[in-house]
Amino acid sequence: MSKITTIADVRRHFLNNKEPIYFISATNFNLLGIGDWVGNFRHINYIDCFEGQQRNVFVPKEKFPRDFESIEDINNYLLEHKEVIDFIQSRADGENAGVAAFLMFDEHTEEVCKQLGLRVAFPPAALRNRMDNKIETVRIGNKAGVPSVPNVLAKVGSYQELCEVSKDLGDDLVVQTAFGDSGHTTFFIASEDDYYKHAEEIEAESEVKIMKRINCRGSAIEACATRCGTVVGPLMTELVGFKTLTPYKGGWCGNEMFAGAFDQSIRDKAREYTFQFGEALREEGYRGYFELDFLIDMDNGEVYLGELNPRVTGASSLTNVAAFAHSDIPLFLFHLLEFSDVDFDLDINEINERWSHPESVDSWSQLVIKHTDESVDLLTKAPRTGVWKMAGDGSISYDHYSYHPHAAENDNEGFFLRISGAGDFRYEGADLGILITRGRLMDDDFQLTERAKAWIDGIRGQYAGQSLQDPVVEEVAVSHAVGGGNFKIL
């Protein structure tokens, strides 16, 4: 094939693709709609969000009781499942079974993929693991000229040690461990009592990140490091810690994408920092899709590096459906291109310039709705995946089936992706589902709008459960549940 030099070439290449490409994960949420752009693309999932209606989603029918402790566990289970192996082999071209992409994977995943004849379209797990270290992120950012919130990196063995090493940061601190979802591994410490609530986790670490607490807003930006340079998406706001959505203080629970997210100088700085960080990742040997969280200091407008996610993320569902993605190509296609054997030479500066224009960014929001009560029950009723409509009084009703957020045509419609369904256990932290809709769901003070509250109440009202009564049954239910307090499946 001749060298790819234009976006039209990329589109044509993937629409004509014959090699099987798989996204293997608990759900297909992160890459909704990518199959519209890539021939022979299939999702292999543990959870059937579509009740069998979506043809490019394969879910094994037979489920074996397993206690999953990570997304990697789920993916390894899938890859070693006979139904999945048969499905992959039925579509293979000799020894070439195709390409596999993941939200998360480990060395065992890589070994199983090798045995199945699948190429993993990501840098090695060992490198991704090193990049995923929040301490390493600070160091890479410093090298790239991307500043973090004033911090120290140190081993902490007591509250007195914490105070000593952080004496220049003030009395109000934020402590993060090297790995883990920020909703579970970020600790806010303003007193000795605060410290002792988390002392065991902090002291178990060889090094923690200790930051000055600032008055900040969370934001996210996705990008892709390619051989031609780093492609940068738009800056999104983040929904964090809303009690109506998540039981976890500091826990991510959604995003907004709109042209006026923060002022122009902040957006420009975040894009510049993301490009610099992407180029630094390339020097480290990392390439492909990544996401950066930025903390915007609301007192002085400073833009600080929060953390790196070397993967597709929960924000990818918005990045890949926005106007700029559909006028050119979704960001994830740059990732697939980077891991193909196709020769390409694209003008990344031109693409970044085009994607930075406000008219390239239409307005989308998503809510990740978890069960926030401490109760445990068995779901007897759950809302269907598809398009829901909101009436003038704030009530919602199911309109029609769809697999794509674009099917929600206006602010009164929302695409709902069901995660927990009838027959599943509902427990604190369980993912119930994700609502994606046009327009904003927070106001300028970063509080939920009345429309957002109505959607949350409406979706929750579609669920019903049956109490388990027996505490022993509850304990077994939670231990066999997917996700929840132990790890984030999305």
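## Overall build

The protein chain contains 16 helices and 23 strands. Keep in mind as you look around that this is a predicted model.

How does the radius of gyration compare with that of a compact globule? For 490 residues, a compact globule would come out near 23 Å, and the protein chain has 22 Å, so the two agree. Along the principal axes, the C-alpha atoms fill a box of roughly 60 × 60 × 50 Å.

Of the 490 residues, 58% are buried. Among contacts with a separation of 6 or more, 69% are between residues 24 or more positions apart.

## Nonpolar cores

Let's turn to the interior. In soluble globular proteins, nonpolar side chains tend to be buried together. Here, the largest nonpolar core has 137 residues, and Phe 294 and Phe 334 have the most contacts inside it. Another core, of 14 residues, lies apart from it; Ala 154, Leu 173, Ile 189 and Ile 202 are among its members.

## Where two helices cross

A good place to zoom in is the pair formed by helix α6 (residues 134-144) and helix α10 (residues 264-283). Their axes come within 9 Å and cross at roughly 110°. Angles of 65 to 115 degrees count as roughly perpendicular, and α6 and α10 are therefore roughly perpendicular to each other.

Which residues meet at this crossing? From α6 come Thr 137, Ile 140, Gly 141 and Ala 144, while α10 brings Gln 276, Phe 277, Ala 280 and Leu 281. By type, the residues of this contact are five nonpolar and three polar, with no charged ones.

## Two residues to look up

Is Thr 226 buried or exposed? This residue sits in strand β10 (residues 216-226). Thr 226 has a relative accessibility of 1%, and because buried means under 20%, Thr 226 counts as buried. Leaving aside residues up to four places away in sequence, Thr 226 touches Val 231, Arg 282, Phe 334, Glu 338, Phe 344 and Ile 348. You have already met one of these partners: Phe 334 is one of the two residues with the most contacts inside the largest nonpolar core.

For a contrasting setting, go to Gly 392, in the loop between β18 (386-390) and β19 (396-400). Its relative accessible area is 89%, so Gly 392 is exposed. Gly 433 is 41 residues apart from Gly 392 along the chain, and their C-alpha atoms are separated by 23 Å.

Key
Residues numbered from 1 in each chain as written. Predicted model: local features only at pLDDT ≥ 70, side-chain atom pairs only at ≥ 80, totals over all residues. Heavy atoms only, no water. Axes fitted to C-alpha atoms, helices over the stretch in contact; angles between N-to-C directions. Helix = DSSP H or I, 4+ residues; strand = E, 2+ residues; numbered from the N terminus. Parallel < 35°, antiparallel > 145°, perpendicular 65-115°, else oblique. Contact = heavy atoms within 4.5 Å. Nonpolar A, V, L, I, M, F, W, Y, C, P; charged D, E, K, R; others polar. Core = buried A, V, L, I, M, F, W, Y, C linked by side-chain atoms within 4.5 Å. Buried < 20%, exposed > 50% of the residue type's maximum accessible area, 1.4 Å probe, protein only. Rg over C-alpha atoms; globule rule 2.2 N^0.38 Å.
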